[in-house]
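Dear colleague,

I am handing over the structure below, together with some notes on what turned up when it was examined. Please read the notes with the structure open beside them.

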Amino acid sequence: MKIDSITLRELRMPLRYFFETSFGRTEERRVLLITADCEGIEGWAECVAGEGPFFSDEWVETAWATIREFLAPLLIGQSIAHPKDSAALMSHVRGHNMAKAALENSLWDAEAKATKQPLWKLLGGTRSEIDCGVSIGIQNSHEQLLEKIEAELAAGYQRIKVKVKPGWDLEALAKIRKRWPDILLSCDANSAYRPSDLLHLKKFDEFGLLMIEQPLWHDDIFHHAKLQRELKSSICLDESIRHARDAETAIDLGACRIINIKVGRVGGSSEAIAVHDICERNKIPVWCGGMLETGIGRAHNIALSTLTNFRLPGDVSASKRYWTEDIVEPEIEVTSRGTIVVGESAGTGYVPKNDLIGKLTVRKEVIRSRAASV
Ligand code: OSB
Ligand code: MG
């Protein structure tokens, strides 16, 4: 497959409802879309970099500039036998995993279309229905939080994850558990605590949580290992796992019992599969995280979630939770059993709505030629 051009587009899309984590509130997304043109076949993907360098050090502007100046020129004009070969071509650039993932994933979509097979089968997926949970942000009041949870449970979602931070944690969890003693419940701190909070974190154990996600520093594994030895609850790592070697380190040190795989955070679907495989060999269940994606990015998450070791419900939920109108057709829908059913159509099975994408686009650039020197 020859890569002829790469198109970058930035869209502005207001969220239906704000999303707040311990690192801040998002009201409107700056969505970065990548289209790879490979001999007339278009592959689509989304770069999950945020509006600012708060989840990780990448954000929309670094991703755009790194793709434009360095990564796209390494790919354009190249013929590759398989989408995973793009990772080696881009390995000269350190980090910038979200930027790399968007490019690699656009090639996975193109390859699936070129070979007329569903992306989930190309990735090695085995299940045709995936389990879905929701991630619920910090709200203005506990009452609002309980109302949101009630609505998501009524919609059928199999697992509720709530964002926590100091001052929005024990009381919220206690209220949730009082009302719903038996639901699958997790929390995600996005690095809001420190080892000195040990006695406080031990109190989370009484809520029978499925996991506590990323309690300590975003780039730490060592202190999570020490903390895991002190907690009954399972730690799940998100931010700290940037590639398969991090997963190996975390497992070896006992830093977590569960890993969240985000395809953007680890640099693309081939590395996501490598993380998945290491976890599977070590009996560590994984689940697919979300980054407030549109249907384009979400479609890749759905395909990945069909691999065998995605044994826990992911943060892969319906389009209508985020957008008044999503940019794919059909929109992503979740059954009343809290699942997404994957189909047999070639590619992701979700088609970009070109007119709507055109209307929402605030900047666009087509990159056609290789850089003079990289
Ligand atoms: O930590 O999982 C996270 C959203 C933005 C940044 C980080 C995270 C999240 C979510 C949202 O939890 C999951 C979703 O897309 O619904
Ligand atoms: Mg997380």
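A residue is called buried here when its relative accessible area is under 20%, and because serine 191 has a relative accessible area of 13%, it is buried. Please keep in mind throughout that this is a predicted model.

I begin with the loop that holds this serine. Serine 191 is placed in the loop that runs between strand E7 (185-188) and helix H7 (198-202). Setting aside residues up to four places away in sequence, serine 191 touches Gln214, Pro215, Leu216, Trp217, His218 and Glu239. To leucine 216 there is also a polar contact, in which the side chain of serine 191 reaches the backbone oxygen of leucine 216 at 3.0 Å. Lysine 116, by contrast, is not among these partners: serine 191 and lysine 116 are 75 residues apart in sequence, and their C-alpha atoms are 42 Å apart in space.

Two residues in this part of the model have backbone angles that you may want to look at. Most residues other than glycine have a negative phi, and most peptide bonds are trans. Asparagine 190, which is not a glycine, nevertheless has a positive phi of about 40°; asparagine 190 lies in the loop between E7 and H7, and with a relative accessibility of 6% it counts as buried. Glutamine 214 likewise is not a glycine and has a positive phi of about 40°. Glutamine 214 belongs to the loop between strand E8 (211-213) and helix H8 (222-230), is buried with a relative accessible area of 0%, and is one of the residues that serine 191 touches.

A further backbone feature is found at proline 330, where a cis peptide bond joins glutamate 329 to proline 330 with an omega of about -5°. Proline 330 is located in the loop between strand E12 (328-329) and E13.

Strand E13 (residues 339-341) contains threonine 339, which at 4% relative accessibility counts as buried. Which side chains does threonine 339 reach through polar contacts of its own side chain? One contact, of 2.6 Å, joins the side chain of threonine 339 to that of glutamate 129, and another, also given as 2.6 Å, is made with the side chain of threonine 335. When neighbours within four places in sequence are left aside, the residues in contact with threonine 339 are Glu129, Ile130, Asp131, Cys132, Gln158, Glu333 and Val334.

Threonine 306 is another buried threonine, with a relative accessible area of 0%, and its place is in the loop between helix H11 (295-304) and E12. Again leaving aside neighbours within four places in sequence, threonine 306 is in contact with Trp120, Gly125, Thr126, Arg127, Ile130 and Val342. Ile130 therefore appears among the contacts of threonine 306 as well as among those of threonine 339, and threonine 306 itself is buried at a relative accessible area of 0%. From threonine 306 to isoleucine 261 the separation is 45 residues in sequence and 13 Å in space, taken from C-alpha to C-alpha.

The remaining notes concern two pairs of helices. Two packed helices are described by the angle between their axes and the distance between the axes.

For helix H5 (residues 142-155) and helix H6 (residues 170-179), the axes come within 10 Å and cross at roughly 45°. That angle makes H5 oblique to H6, and the crossing of the two is right-handed. On the side of H5 the contact involves His142, Leu145, Leu146, Ile149 and Glu150, which meet Glu171, Ala172, Lys175, Ile176 and Arg179 in H6. By class, the residues of this contact divide into five nonpolar, one polar and four charged.

For helix H9 (residues 244-253) and helix H10 (residues 269-281), the axes come within 8 Å and cross at roughly 20°. Because angles under 35 degrees count as roughly parallel, H9 is roughly parallel to H10. H9 passes H10 in a right-handed crossing, and the contact is made by Ala244, Ala247, Glu248 and Ile251 of H9 together with Glu271, Ala274, Val275, Ile278 and Cys279 of H10. This contact of H9 with H10 has seven nonpolar residues, two charged residues and no polar ones.

With kind regards

How values were computed
Residues are numbered from 1 along each chain as its sequence is written. Chains are lettered from A and ligands numbered from 1 in the order in which they are written. This is a predicted model: local features need pLDDT of at least 70, side-chain atom pairs count only at pLDDT 80 or more; totals for chains, interfaces and linings use all residues. Side-chain values use heavy atoms; hydrogens and water are left out. Axes are lines fitted to C-alpha atoms, for helices over the stretch in contact, and angles run from 0 to 180 degrees between N-to-C directions. Helices (H or I, at least four residues) and strands (E, at least two) are DSSP runs, numbered from the N terminus. Angles under 35 degrees count as roughly parallel, over 145 as roughly antiparallel, 65 to 115 as roughly perpendicular and the rest as oblique. A crossing is left-handed if the near helix is turned anticlockwise from the far one by less than a right angle, and right-handed if clockwise. Contact means heavy atoms within 4.5 Å. Ala, Val, Leu, Ile, Met, Phe, Trp, Tyr, Cys and Pro count as nonpolar, Asp, Glu, Lys and Arg as charged, and the others, Gly among them, as polar. Buried means under 20% relative accessible area, exposed over 50%, partly exposed in between (1.4 Å probe, protein chains only). A polar contact is a pair of N or O atoms within 3.5 Å; within protein, one must be able to donate a hydrogen and the other to accept it, and residues adjacent in sequence count only if both atoms are side-chain atoms.
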